[in-house]
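User: I am new to reading protein structures and would like a close look at a single part of this one. Could you pick one stretch of the chain and walk me through what it touches and what lies around it?

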Amino acid sequence: QLQASGGGLVQAGGSLRLSCVTSGRTFGSSYHMGWFRQAPGKERVFVAIISRNADDIAYADSVKGRFTISRDNAKSTVWLQMDSLKPDDTAIYYCAADSVYFGVGDRYDYWGQGTQVTVSS
């Protein structure tokens, strides 16, 4: 299971740090992880992904330079540090995991419940 947390209401320009804790399986270094988001009335889209050993990372152009994804396999946790937040970042953020797939599509096998991020102008 994946448990995402850390969302909330923040003013534009502010920061939030999302966490995704995995449990019930030995995720550790066995799974590629990703963050996706879904804004109201829109499809879920890729935000950032990190390979199982953190040797490969990718960001959506819209968040590049503002968001940072990281992981600690010993803690089975992935973070998304979000800085310089904009109203357009408002969405439900989901973490995802897969033991094989590593890409920007939503083909990951495991998904968290989502955490709401709201950025006010």
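Analyst: Let's start with one term: two strands pair if DSSP finds at least two bridges between them. Please also keep in mind that this is a predicted model. The part I have picked is strand 9, which covers residues 91–98.

Begin with how covered strand 9 is. Of its 8 residues, 7 are buried, where buried means under 20% relative accessible area. So what does strand 9 pair with? One partner is strand 4 (residues 32–38), which runs antiparallel to strand 9 and is joined to it by 7 bridges. Within this pairing, you can find Trp35 bridged to Cys95 of strand 9. Strand 11 (residues 115–120) also pairs with strand 9 in the antiparallel sense, here over 3 bridges. Look there for Ala91, whose bridge partner in strand 11 is Val117. Strand 10 (residues 110–111) is antiparallel to strand 9 too, with 2 bridges between them. In that pairing, Ala97 is matched with Tyr110. As background, strands of a sheet pair through backbone hydrogen bonds, either parallel or antiparallel.

Now go back to Cys95, the bridge partner of Trp35, since Cys95 also takes part in a disulfide with Cys20. A disulfide is a covalent bond between the sulfur atoms of two cysteines. In this model the sulfur atoms of Cys20 and Cys95 are 2.2 Å apart, and the cut-off used to call a disulfide is within 2.5 Å. The count for the structure comes to 1 disulfide. Its torsion about the S-S bond is about 65°, so the disulfide is right-handed. Cys20 sits in strand 3 (residues 16–22) and Cys95 in strand 9, so the bond ties together parts that are 75 residues apart in sequence. Are these two cysteines buried or exposed? Both Cys20 and Cys95 are buried.

The disulfide leads us from strand 9 over to strand 3, so let's see what strand 3 belongs to. Strand 3 is part of an open sheet of 4 strands, arranged in the order 1-3-8-7 with antiparallel pairing. Strand 1 (2–5) and strand 7 (67–72) are the edges of this sheet, each pairing on one side only. On average, neighbouring strands in this sheet are turned by 15° against each other, direction ignored. At one end of the order, strand 7 and strand 8 are antiparallel and share 6 bridges; there, Ile69 has Leu80 of strand 8 as its bridge partner.

Next, look at the loops on either side of strand 9. The loop between strand 8 (77–82) and strand 9 holds Ser84. Ser84 has a positive phi of about 50° although it is not a glycine. For context, most residues other than glycine have a negative phi. With a relative accessible area of 41%, Ser84 is partly exposed. On the other side, Val104 lies in the loop between strand 9 and strand 10. Val104 counts as partly exposed as well, at 49% relative accessibility. From Val104 to Asp89 the C-alpha distance is 18 Å, for a separation of 15 residues in sequence.

Last, come back to Ala91, which we met as the bridge partner of Val117. Ala91 is also one of the residues lining the largest pocket. About 160 Å³ of space lies in this pocket. Ala91 shares the lining with Asp88 and Thr90, along with Arg37, Gln38, Ala39, Lys42, Glu43 and Val45. By type, the lining divides into 3 nonpolar, 2 polar and 4 charged residues. From Asp88 you can step across to Ser62: their C-alpha atoms are 9.4 Å apart, although 26 residues separate the two in sequence. Ser62 is in the loop between strand 6 and strand 7, and it is partly exposed at 43% relative accessible area.

To put the picture together, strand 9 is mostly covered, has antiparallel pairings with strand 4, strand 11 and strand 10, is tied to strand 3 through Cys95 and Cys20, and contributes Ala91 to the lining of the largest pocket.

Conventions. Residues are numbered from 1 along each chain as its sequence is written. This is a predicted model: local features need pLDDT of at least 70, side-chain atom pairs count only at pLDDT 80 or more; totals for chains, interfaces and linings use all residues. Side-chain values use heavy atoms; hydrogens and water are left out. On a 1 Å grid over the protein atoms alone, a cavity is a set of points where a 1.4 Å probe fits but cannot get out, and a pocket is an open set with protein on both sides within 12 Å along at least five of seven lines; lining residues have an atom within 4 Å of a point. Grid points are joined across faces, edges and corners, and a volume is the space filled by probe spheres set on the points. Ala, Val, Leu, Ile, Met, Phe, Trp, Tyr, Cys and Pro count as nonpolar, Asp, Glu, Lys and Arg as charged, and the others, Gly among them, as polar. Buried means under 20% relative accessible area, exposed over 50%, partly exposed in between (1.4 Å probe, protein chains only). Axes are lines fitted to C-alpha atoms, for helices over the stretch in contact, and angles run from 0 to 180 degrees between N-to-C directions.
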